[in-house]
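Reader: I have a new structure to look at today. Can you walk me through it?
Author: Sure, here it is.

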Amino acid sequence: MRDLFEKIGEIITTIIDWFYFPFLRFIPKEIFRYAASGGANTLFDILLYFLFYRYVLHMQIVDLGFIAISPHIAAFLMVFPITFSTGFLLAKYVTFTSSELEGKIQLFRYLLTVAGSIVLNYIFIKTFVEYFGWYATASKIATTLIVVLYSYLAQRYFTFKTGKSLKAARVRP
């Protein structure tokens, strides 16, 4: 399975890198790959969120008997496992391929950083929808823009440990 993921990652990387040349002077390749693969996963997330919210949940409260979940939060909870998986695979096999950490450590750290993203997503979606009165999909888009910066920094410097400051710290005696 790992070989398959590596081959697919190489194909995706080749496609992304083909578009990199105009940005060569302005953006490091890792950031460009993160933006492209993460951007695609983010669009996938927003599309799934919209489809689940609108057509699966029909914008209705989900009553589980012991708890009622608002449709904007239920859609988030339903979409999360899908985009968690695609996001990890893209980060591991496309963006942060130079990481020397074991896959299981990366996955655990990814889970921790994504937990931070979940908390931020929950707070911002809930705030934007319930306190500001924004539409759910617009709230999701605004939330995503805020969480992306946190996500990149956490993945680069913690999850996959490819940031320069951490490499420099490893070299010191």
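Reader: What percentage of the residues in the protein is buried?
Author: Buried residues make up 37% of the 173 residues. Keep in mind that this is a predicted model.

Reader: OK. How many helices and strands does the protein have?
Author: There are six helices and two strands. From the N terminus on, they run α-α-β-β-α-α-α-α.

Reader: And what does the C-alpha trace span?
Author: Along its principal axes the trace spans about 55 × 40 × 35 Å.

Reader: Back to the buried part. Which residues have the most contacts inside the largest nonpolar core?
Author: They are Y49, F52, A75, I125 and A136, in a core of 14 residues. Helices α2, α3 and α4 each supply at least two residues of this core. The largest share, five residues, comes from α3.

Reader: Is there a general reason why nonpolar side chains end up buried together?
Author: There is a tendency: in soluble globular proteins, nonpolar side chains tend to be buried together.

Reader: What does Y49 touch, leaving aside its neighbours within four places in sequence?
Author: Y49 is in contact with H72, A75, F76, V79, I125, A136, T137 and K140. Apart from the core of Y49 lies another core, of nine residues. F84, A91, Y110 and F160 are among them.

Reader: New topic: pockets. What volume does the largest pocket have?
Author: About 610 Å³. It is lined by 32 residues, and the closest to its centre are Y34, N41, T42, V148 and S151.

Reader: Which elements give two or more residues to that lining?
Author: They are α2 (29-56), α3 (71-95), α4 (103-131) and α5 (136-159).

Reader: How does the lining of the largest pocket divide into nonpolar, polar and charged?
Author: It has 16 nonpolar, 14 polar and two charged residues.

Reader: And what about the second largest pocket, what is its volume?
Author: That pocket has a volume of about 160 Å³. Its lining divides into three nonpolar, four polar and four charged residues. Among them are R2, E6, E10 and K92.

Reader: Which element supplies the largest share of that second lining?
Author: The largest share, three residues, comes from α1. Helices α1 (2-18), α3 and α4 each supply at least two residues there.

Reader: Last one, the outside. How much accessible surface does the protein have?
Author: It comes to about 10,800 Å². Carbon and sulfur atoms account for 70% of that surface.

Conventions:
Residues numbered from 1 in each chain as written. Predicted model: local features only at pLDDT ≥ 70, side-chain atom pairs only at ≥ 80, totals over all residues. Heavy atoms only, no water. 1 Å grid on protein atoms, 1.4 Å probe; cavity = no way out; pocket = protein on both sides within 12 Å on 5 of 7 lines; lining within 4 Å. Points joined across faces, edges and corners; volume = space filled by probe spheres on them. Helix = DSSP H or I, 4+ residues; strand = E, 2+ residues; numbered from the N terminus. Nonpolar A, V, L, I, M, F, W, Y, C, P; charged D, E, K, R; others polar. Core = buried A, V, L, I, M, F, W, Y, C linked by side-chain atoms within 4.5 Å. Buried < 20%, exposed > 50% of the residue type's maximum accessible area, 1.4 Å probe, protein only. Contact = heavy atoms within 4.5 Å. Areas by Shrake-Rupley, 256 points an atom, 1.4 Å probe, with all protein chains shown as cover.
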